[in-house]
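These are my notebook entries on one chain. I set down what I looked up, entry by entry.

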Amino acid sequence: MKRRFARQVSATLIAVSSLFSIVRAQVPAGDPFPARPGWPAKSPAGYAPGSTRRMPPSNRPQPAVATAPAPTEPSPFQAPANPAALPPTREAPASRYASNIDESFELPTKTANAVGAHDHGRPGPAQLEGPQSPALIIEKVAPTEVQVGKTATIEIHVRNTGVAAAEQVTVHDHVPHGAQLVETRPRAERGVSGELVWRVGLIKPGEDLVLYVDLMPMTEGELGSVATVQFAASASSRSRSTRPALSVDVAAPEEVLIGETAKLKITISNPGTGVATGVVLVNQVPKTLEHEAGDEIEYEVGSLAPGESRTLELTMRAVRAGASANVLVARADGQLQADCQTAMNVVAPALEVALQGSRKRFLDRQATYTVTVANPGTAAAQEVELVAYLPPGLEFVDANNQGQFDRRTRAVHWSLEELPAREQGSVSLTVLPIEAGAQPVKISGTAQRGLAVEKPESIVVEGVSALLFQVADVADPVELGGETTYEIRVVNQGSKSAANVQVLAVLPAEMKVVGCDGPTRFEVVGSQVRFQPLPSLAPKADTTYRIRAQCQAAGDLRVRVQLTSDEIRAPITKEESTRVFADE
């Protein structure tokens, strides 16, 4: 009776069988290789009907099992050394092997199939995605007894019990020692060492095939060989490659007034095809603006889906006038970056004040000054207040443009609702110097937003010495030989002391100086009387010089008096006439 044994393997499974020594294995009932149309109704020669062992069916991949051949006695029979000397194979009728075997796989140079033939650099068919678990079972079935000189047939059964196709299936077997190869069905090719090679190609899940080897035993003894099956499994994955991108747009005011807030409307978007992750916005605050968070503001956006955009607002305060650029940078994973630079100009008003007019004035002489306020800034100044603070030495007289004088603070106030950028305004102020010396005047200007400016000025006030003198004779007319006195009165009508006041009198030859009197010493040189200089004559003060003279001749005698001082370099001369008479 024909006997079969089975060894269940997966991947590179090795089945060892012997023609004469068969290891019998107790296996569960079930036929993994059911009869198929085209199989012979009668077992091949040398088989005993009903003796075939069946492998248990399996619905999942089986672990690889290597089965070593049963030990045999050394055989004196060897296979022919030259494979070419083997008898030629002959074709077997198609009914001798499974009907689902495509004979085109005989000795193929390349196996092509719907699953295995694909570009390895591109995704494979959809059925290759997910876990791939092909499992091959190989079984070698031989008669329990053969005879020398009679052809014996060995069957090699290969079945895919897995759930995925096995690719590049190759079955290898050897011609047993002590036997000659008659033929193989399908036709096998010879390997590099003379082995039999069937390049099967693809076996789909649930498919099986049978390979036939016809042998001619040449000697007695135990015959056998080891058949192996090799296959490959393919798996594919499919990923969609995307490219995220970043775009930043900022809407900001072109001009911001100092002290006010600047609102930036930031729109960050992903115009790409993939999700942008780890998106962060970083804003470098320019020097003209400030933010409570510091000079660098960072905001974590997170992730942006393709086509998604988000709008944010950033508020900063304008603190310094001038043009600047606000730089906003967006970064994301994968070295993505986008930036946006926005120009902004912080405008601010400015004030400058000045006092125009003579810096040197004289006492009791009115002086009119022009007070100016200018705005050299880039924005209009609102609610401008202009003030001139007067010292006690300057007395307020008048102011135009509704200037108001506050006697308590000695301040003159002007108000201006608005002063446009790069414009100036002016008012007039009239004062009377009433004290000599340096008179400090302070000009100040203020406006909204804490704008203030102050400028000190100084006016030097000096007095004027105004000397007036008179010459009068006490007795006139005078009898010949008589005496008269000349009084010289000097008055300083000015506002400043007269320095080094000097009086010089020149008498005619007909007069003789009898005596002199005055605030300083004197000397008489011939007909001249010279008084020593008076160091100072205060304003509104006066002094008197007296000269007593004897008239020695009759007639109209004239006395000339000269007055000089430090302020009066050229002498002022006056004459006094005296009538001298004689009895006849």
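Is Arg 548 buried, partly exposed or exposed? I looked it up in the model, which is a predicted one. Arg 548 has a relative accessible area of 35%, so I entered this residue as partly exposed.

**Entry 1: the partner of Arg 548.** I found the side chain of Arg 548 in a salt bridge with that of Glu 483, at 3.0 Å from N to O. I then placed both residues: Glu 483 belongs to strand 31 (residues 483-492) and Arg 548 to strand 37 (residues 542-551). The two are 65 residues apart, and the pair links distant parts of the chain. Glu 483 is likewise recorded as partly exposed, because its relative accessible area is 40%.

**Entry 2: other salt bridges.** I noted a count of 17 salt bridges. One of them joins Glu 189 to Arg 199, with the closest N and O atoms 2.9 Å apart. Glu 189 sits in strand 6 (residues 189-190) and Arg 199 in strand 7 (residues 196-203), so this pair ties together parts 10 residues apart in sequence. I recorded Arg 199 as partly exposed, since its relative accessible area is 35%.

I next examined Lys 360 and Glu 462, whose side chains meet in a salt bridge of 3.3 Å, N to O. Here the link is again between distant parts of the chain: Lys 360 lies in strand 20 (residues 360-362) and Glu 462 in strand 28, 102 residues apart. Lys 360 counts as partly exposed because its relative accessibility is 45%. Glu 462, with a relative accessible area of 27%, is therefore also listed as partly exposed. I closed this entry with Glu 183, Arg 185 and Asp 214, which are linked in a network of salt bridges.

**Entry 3: the sheet with strands 20 and 28.** Which strands form this open sheet, and in what order? I read the order as 20-28-27-22-25-24, six strands with mixed pairing. Strand 20 and strand 24 (404-406) are the edge strands, each pairing on one side only. Neighbouring strands of the sheet are turned against each other by 30° on average, direction ignored. I also looked at strands 27 and 28, which run antiparallel and are joined by 11 bridges. Within this pairing, I found Ser 444 opposite Glu 454 of strand 28.

**Entry 4: nonpolar cores.** The largest nonpolar core has 29 residues. I listed those that touch the most other members: Leu 351, Leu 386, Leu 390, Val 412, Trp 414, Leu 429 and Ile 443. Among the strands that each supply at least two residues of this core are strand 22 (381-389), strand 25 (411-419), strand 27 (437-447) and strand 28 (451-462). For Ile 443, setting aside neighbours within four places in sequence, I noted contacts including Val 353, Leu 355, Val 371, Leu 386 and Val 453. Apart from this core lies another, of 28 residues, including Leu 534, Tyr 545, Ile 547 and Ala 549.

**Entry 5: Ser 324.** Is Ser 324 buried or exposed? Its relative accessibility is 16%, and the cut-off for buried is under 20%, so I entered Ser 324 as buried. Ser 324 is part of strand 17 (residues 322-332). Its side chain makes a polar contact of 2.7 Å with the side chain of Thr 288. Beyond neighbours within four places in sequence, Ser 324 is in contact with Pro 286, Thr 288, Thr 342, Ala 343 and Met 344.

Notes. Residues are numbered from 1 along each chain as its sequence is written. This is a predicted model: local features need pLDDT of at least 70, side-chain atom pairs count only at pLDDT 80 or more; totals for chains, interfaces and linings use all residues. Side-chain values use heavy atoms; hydrogens and water are left out. Helices (H or I, at least four residues) and strands (E, at least two) are DSSP runs, numbered from the N terminus. Buried means under 20% relative accessible area, exposed over 50%, partly exposed in between (1.4 Å probe, protein chains only). A polar contact is a pair of N or O atoms within 3.5 Å; within protein, one must be able to donate a hydrogen and the other to accept it, and residues adjacent in sequence count only if both atoms are side-chain atoms. Contact means heavy atoms within 4.5 Å. A nonpolar core is a set of buried Ala, Val, Leu, Ile, Met, Phe, Trp, Tyr and Cys residues joined through side-chain atoms within 4.5 Å. A salt bridge is a side-chain nitrogen of Lys or Arg within 4 Å of a carboxyl oxygen of Asp or Glu. Two strands pair if DSSP finds at least two bridges between them. Axes are lines fitted to C-alpha atoms, for helices over the stretch in contact, and angles run from 0 to 180 degrees between N-to-C directions.
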